[in-house]
Amino acid sequence: LLEFQRYFFAWMKFHFADKSGRVQSIQTAKLDTITRTIIARYEEELLQVRSELSFAQEQITHGNTLRHQLEERMRHTLLQGMTAMNIETMALFNDTATTPE
């Protein structure tokens with residue numbers, strides 16, 4: 001009977017150790033699958049964010065270029081207006097200086 005118990009306990013130890021190893025390998029496989037899924041999702045989101053960032057940087061560059069062009073046009077227009085006013089003012093002064101009172 002004692003010998004039978006030893007065999008029985010040895011078999012149980014082997015059986016549970018084997019089952020534990022299989023369970024652990026199954027869990028490791030599941031963990032690997034989940035990890036790969038998370039990494040793939042992260043990489044997709046990272047690519048999307050990089051694409052959005054690139055687009056936003058292009059928009060900023062384009063906006064800065066337009067702003068600079070508008071500033072130059074406004075400066076040019078303002079200078080033209082000031083020049084025209086100066087010419088008219090000088091013409092008025094010349095007319096006033098040459099007109100006898």
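This note goes through a predicted model, from the overall form of the chain to single side chains.

1. Overall form. The chain holds 1 helix and 0 strands. With a radius of gyration of 43 Å, well over the 13 Å given by the globule rule for 101 residues, the chain is more spread out than a compact globule. Along its principal axes, the C-alpha trace spans about 145 × 15 × 10 Å. Helix 1 covers residues 2-98.

2. Local spacing along the chain. One pair of residues gives a distance to check against the model: Glu71 and Asn86 are 15 residues apart along the chain, and their C-alpha atoms are separated by 22 Å. Of these two, Glu71 is placed in helix 1.

3. Burial and surface. How much of the chain counts as buried? The figure is 0% of the 101 residues, where buried stands for a relative accessible area under 20%. The area exposed by the chain is about 9,900 Å², and 64% of it is supplied by carbon and sulfur atoms.

4. Nonpolar patch. Phe4, Phe8, Phe9 and Trp11 make a nonpolar surface patch of about 490 Å². Phe4, one of these residues, is found in helix 1. Its relative accessibility is 57%, so Phe4 counts as exposed, the cut-off for that class being over 50%.

5. Charge distribution. The chain carries 11 positive and 13 negative charges, and the mean positions of the two sets are 25 Å apart. Side chains of opposite charge can pair when their charged atoms come close. The count of salt bridges comes to 2, with a cut-off of 4 Å between the side-chain nitrogen and the carboxyl oxygen. Both pairs are described below.

6. Salt bridge Arg67 to Glu71. The side chains of these two residues meet at 3.4 Å, N to O. Both residues lie in helix 1 and are 4 residues apart, about one turn of the helix. Is this pair buried or exposed? Neither class applies: Arg67 has a relative accessibility of 46% and therefore counts as partly exposed, and Glu71, at 32%, is also partly exposed.

7. Salt bridge Arg75 to Glu72. Here the N to O distance between the side chains is 2.6 Å. Arg75 and Glu72 are 3 residues apart in helix 1, again about one turn of the helix. Arg75 counts as partly exposed because its relative accessibility is 43%. Glu72 falls in that class as well, with a relative accessible area of 38%.

8. Points to keep together. The model shows a chain with 1 helix and 0 strands, in which 0% of the residues count as buried. Its salt bridges number 2: Arg67 with Glu71, and Arg75 with Glu72. The nonpolar patch is made by Phe4, Phe8, Phe9 and Trp11.

Note on methods
Residues numbered from 1 in each chain as written. Predicted model: local features only at pLDDT ≥ 70, side-chain atom pairs only at ≥ 80, totals over all residues. Heavy atoms only, no water. Buried < 20%, exposed > 50% of the residue type's maximum accessible area, 1.4 Å probe, protein only. Patch = residues over 30% accessible without salt bridge, like charges linked within 9 Å, V, L, I, M, F, W, Y side chains within 5 Å. Areas by Shrake-Rupley, 256 points an atom, 1.4 Å probe, with all protein chains shown as cover. Rg over C-alpha atoms; globule rule 2.2 N^0.38 Å. Lys, Arg positive; Asp, Glu negative; His and termini not counted. Charge placed at Lys NZ, Arg CZ, Asp CG, Glu CD.
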